[in-house]
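Q: Please give me a close look at the ligand and what surrounds it. Begin with the words I need, then work towards it step by step.

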Amino acid sequence: MAEKIGFIGLGIMGEPMAKNLLNAGYELVIHNRSRAVVDRLDGEFDGVTAAGSPKEVGEAVSVVVTMLPDSPEVNDVFYGVDGDGLIEAMSAGDLLIDMSTIAPATAIAVNAALEERGASALDAPVSGGDQGAIAGTLSIMVGGTAADFERAMPIFEVLGGTVTHCGDAGAGQTVKACNQIAVAVNYAAASEALVLGAKAGVDPEKIIQVLNGGLAASRVMELRGPTMIEGKFDPGFRIDLHRKDLGIIMDTGKEFGVALPVTALVSQLYDALAANGRGDLDHSALITAIETMAGFKVADR
Ligand code: NAD
């Protein structure tokens, strides 16, 4: 018989992840703030039960996956309003798998609250974007106990391609923060390289080709370089979501006494783009900040 699990947060990432679990034979008890996606999945799949609150989800299953925007939403769903939170329904042996990107400190607090009840949590944020969510090839970085990691592995194998146990509670979120530093800084480097080279008169396609053949090679340049030089910035991963992650990163740096001067600078550039109405563009639109300062658009060359 198919295992029944809970799924809360059915947005750009959560909906295709839920569909992959349904197609793999899981039955799902689902909940989302806006109802349309719940009705859509309920109509499309036999194995779906709609729940009216996070607590209702928790009452029906012993394993719940969440895919929510940020720490406040995870706290809302977990602690609830007027006693309708997930925690009310979680007891010994239950497992929360939170796949949202949130502050490591929030992930640690949620796990501690569950451990008081004999339950537990895995923090399991992902990279790979909506394409990875649709294809079931996400990279999943996991914090929590080895036993819970093993228990969740069949679920992770449906959703992801690379699944890594990073350490104790919070470690998955910490690694995700490290990932987002590297991605942001890579975009800044690619943007400056492409604007300088193109304004100096070199074909930017040649710059991408040469850089990707040597030590400067990066997935950012390989995957997004071609669209950056064409001025195409459909998301993908929105600038506003990366700003959220940069906030988590800077707070975590403060918490552990680690200065992150380069990340802080890139964070300011993303803030400037958001202030100019570009928060809904893909994060590769960082190049437009460099272009504005250079008075030169690579796509107009
Ligand atoms: P989204 O905004 O599209 O989806 C979030 C969903 O959560 C929405 O359907 C919303 O209705 C629901 N929700 C919000 N608050 C709720 C509440 N209190 N109760 C119930 N449902 C609630 O976001 P997304 O792009 O799917 O991202 C989800 C997480 O994954 C974020 O933490 C994001 O940083 C991370 N992430 C996103 C991408 C990407 O490419 N979009 C890539 C990697 C990681």
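A: Start with three words. A residue is buried if its relative accessible area is under 20%, exposed if it is over 50%, and partly exposed in between. Keep in mind that this is a predicted model.

Now apply those words to Asp-82. Its relative accessible area is 79%. The cut-off for exposed is over 50%, so Asp-82 counts as exposed. This residue sits in the loop between α4 and β5 (95-98). Its backbone has a positive phi of about 55°, although Asp-82 is not a glycine.

That loop leads to the strands. Take β5 and its partners. β5 runs parallel to β6, and four bridges join them. Within this pair, Ile-97 has Leu-122 of β6 as its bridge partner. β5 also runs parallel to β4, again with four bridges. Here Val-65 is matched with Ile-97 in β5. Ile-97 therefore turns up in both pairings, as partner of Leu-122 and of Val-65.

Which way do the side chains point? In a regular strand they alternate between the two faces of the sheet. Strand β6 (residues 120-123) shows two directions: Ser-120 and Leu-122 point one way, Ala-121 and Asp-123 the other. All four of these residues are buried. Strand β4 (residues 63-66) has a similar list. Val-63 and Val-65 point one way, while Val-64 and Thr-66 point the other. These are all buried too.

Go on from β4 to β1. The two run parallel and are joined by three bridges. Ile-8 has Thr-66 of β4 as its bridge partner. β1 also pairs with strand β2 (residues 27-31), in the parallel sense and over five bridges. There, Ile-8 stands opposite His-31. How much of β1 is buried? Four of the five residues of this strand (residues 4-8) are, so it is largely enclosed by the rest of the structure.

Now for the ligand. Its surroundings hold 23 residues. Ile-12, Met-13, Pro-69, Thr-101 and Lys-244 are the closest of them. Three of these names come with a polar distance. For Ile-12, a polar backbone atom is 2.9 Å from an oxygen atom of the ligand. For Pro-69, a backbone N or O atom lies 2.8 Å from a ligand oxygen. For Lys-244 the side chain takes part: one of its polar atoms is 2.8 Å from an oxygen atom of the ligand.

How much of the ligand does the protein cover? On its own, the ligand has 830 Å² of accessible area, and the protein covers 89% of that. Three elements give two or more residues to the shell: α4 (71-79), α6 (129-135) and α11 (239-256). So what kinds of residue make up the shell? Ten are nonpolar, eight are polar and five are charged. The shell also draws on two domains. At least three residues come from domain 1 (4-168), and at least three from domain 2 (175-300).

Look next at α11, one of the elements that feed the shell. Asp-245 is placed in this helix. Its relative accessible area is 3%, so it is buried. Its side chain makes a polar contact with the side chain of Gln-180, at 2.8 Å. Ahead of the helix comes the loop between α10 (219-230) and α11, where Gly-236 is found. The peptide bond from Pro-235 to Gly-236 is cis, with omega near 15°.

Two more residues extend the picture. Ser-191 is in helix α8 (residues 171-199). At 0% relative accessibility, it counts as buried. Its side chain reaches the backbone oxygen of Tyr-187 at 2.7 Å. Asn-212 is in the loop between α9 (204-211) and α10. With 26% relative accessibility, Asn-212 counts as partly exposed. Asn-212 and Glu-222 are ten residues apart along the chain, and their C-alpha atoms are separated by 6.7 Å.

Technical notes
Residues are numbered from 1 along each chain as its sequence is written. This is a predicted model: local features need pLDDT of at least 70, side-chain atom pairs count only at pLDDT 80 or more; totals for chains, interfaces and linings use all residues. Side-chain values use heavy atoms; hydrogens and water are left out. A residue is near a molecule or strand if one of its heavy atoms lies within 4 Å of it. A polar contact is a pair of N or O atoms within 3.5 Å; within protein, one must be able to donate a hydrogen and the other to accept it, and residues adjacent in sequence count only if both atoms are side-chain atoms. Accessible areas come from the Shrake-Rupley method with a 1.4 Å probe; for residues, only the protein chains shown count as cover. Ala, Val, Leu, Ile, Met, Phe, Trp, Tyr, Cys and Pro count as nonpolar, Asp, Glu, Lys and Arg as charged, and the others, Gly among them, as polar. Domain bounds come from an automatic or database domain assignment. Buried means under 20% relative accessible area, exposed over 50%, partly exposed in between (1.4 Å probe, protein chains only). Two strands pair if DSSP finds at least two bridges between them.
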